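Me: I'd like to get better at reading a fold from its model. Could you walk me through one?

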Amino acid sequence: LPGGVFAAVLVVMLVIFVLGFILDFIEITFVVVPLVAPVLLAMGIDPIWLGIMIAVNLQTSFLTPPFGFALFYLRGVAPESVQTSDIYKGVMPFIILQVMLLIGMAIWPSLVTWLPEVVYG
């Protein structure tokens, strides 16, 4: 890919994010991660940082319509007066927060790697 490591990580994160709309996190973990992780690690990316980035990205799949599990759980306990469209609209700020977290971790990788470096050297 033109753009090197940055472009590769960006494409992988976008693919995982989009797949979160239609697939469960388990399928994404079993299909996508074994395909892309060895390549990204061979490019010199920190494995802890990559794992946390993928995990946070997969966490958004719980919130993204139409197959977000958190949305199904909320629909099950919400009163009948709350429409499913209201739940989908209400979750958008949390998806934006997740994306902002991913951007922050991409800009400042030490947010992710600082504690493991302190604990494990």
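Reply: Sure, we'll start with the overall picture and then go down to single residues. Bear in mind that this is a predicted model.

Me: What does the protein consist of, helices or strands?

Reply: Count the elements, then read their order. The protein has six helices and zero strands, so the order from the N terminus is simply α-α-α-α-α-α. Along its principal axes the C-alpha trace spans about 50 × 30 × 25 Å.

Me: How much of the protein is buried?

Reply: Of the 121 residues, 35% are buried. The accessible surface comes to about 7,600 Å², and 78% of that belongs to carbon and sulfur atoms. For contacts between residues at least 6 apart in sequence, 62% join residues at least 24 apart.

Me: How do I check a helix such as α1 against its expected span?

Reply: Compare the distance between its end C-alpha atoms with 1.5 Å a residue. α1 covers residues 4-22. With 19 residues it should span 27 Å, and its ends are 28 Å apart, so the two values agree.

Me: Which residues of α1 are buried?

Reply: Start from the helix geometry. With 3.6 residues a turn, residues three or four places apart point the same way. In α1 the buried ones are Ala7, Ala8, Val9, Val12, Met13, Ile16, Phe17, Leu19 and Gly20. Their cover includes α2, α3 and α5.

Me: And α2, where does the kink lie?

Reply: There's a kink of about 45° at Val33, shortly before the proline Pro34. End to end, the 18 residues of α2 reach 24 Å, close to the 26 Å expected. Val33 is also one of the buried residues of α2, alongside Ile28, Val32, Val36, Ala37 and Leu40. The cover for these buried residues includes α1 and α3. After α2 comes Gly44, with a positive phi near 95°.

Me: How many residues are in the largest nonpolar core?

Reply: First the general idea: in soluble globular proteins, nonpolar side chains tend to be buried together. Here the largest nonpolar core has 22 residues, and the ones with the most contacts inside it are Ile16, Leu40, Trp49, Leu50, Ile54 and Met105. The elements giving two or more residues to this core are α1, α2, α3 and α5. Another core, of seven residues, lies apart from it and includes Phe17, Leu63, Leu71 and Ala78.

Me: Take Leu40, then. What does Leu40 touch?

Reply: Leave out residues up to four places away in sequence, and Leu40 touches Ala8, Val9, Val12, Ile45 and Leu50. Ala8, Val9 and Val12 are among the buried residues of α1, so you can see α1 and α2 meeting there through contacts within 4.5 Å.

Me: Now a polar residue. Is Asn57 buried or exposed?

Reply: Asn57 lies in helix α3. Its relative accessibility is 2%, so it counts as buried, the cut-off being 20%. For a polar residue like this, look for what its side chain reaches: here that includes the backbone oxygen of Met13, at 2.8 Å. Beyond its sequence neighbours within four places, Asn57 is in contact with Met13, Ile16, Phe17 and Leu102.

Me: Where is Ser61?

Reply: Ser61 sits in the loop between α3 and α4. Even so, Ser61 is buried, with a relative accessible area of 6%. A polar atom of its side chain lies 2.5 Å from the backbone oxygen of Leu58. Setting aside neighbours within four places in sequence, its contacts are Gly20, Phe25, Phe67, Gly68 and Phe69. Ser61 and Ile16 are 45 residues apart along the chain, with 8.8 Å between their C-alpha atoms.

Me: One last case: how does Ile103 compare with the buried cut-off?

Reply: Ile103 has a relative accessible area of 46%, which falls between 20% and 50%, so it is partly exposed. Ile103 belongs to helix α5, residues 84-107. Its C-alpha is 9.6 Å from that of Met53, and the two are 50 residues apart in sequence.

Conventions. Residues are numbered from 1 along each chain as its sequence is written. This is a predicted model: local features need pLDDT of at least 70, side-chain atom pairs count only at pLDDT 80 or more; totals for chains, interfaces and linings use all residues. Side-chain values use heavy atoms; hydrogens and water are left out. Helices (H or I, at least four residues) and strands (E, at least two) are DSSP runs, numbered from the N terminus. Buried means under 20% relative accessible area, exposed over 50%, partly exposed in between (1.4 Å probe, protein chains only). A nonpolar core is a set of buried Ala, Val, Leu, Ile, Met, Phe, Trp, Tyr and Cys residues joined through side-chain atoms within 4.5 Å. A polar contact is a pair of N or O atoms within 3.5 Å; within protein, one must be able to donate a hydrogen and the other to accept it, and residues adjacent in sequence count only if both atoms are side-chain atoms. The expected span of a helix is 1.5 Å times one less than its number of residues. The bend at a residue is the angle between axes fitted to the seven residues ending there and the seven starting there. Accessible areas come from the Shrake-Rupley method with a 1.4 Å probe; for residues, only the protein chains shown count as cover.
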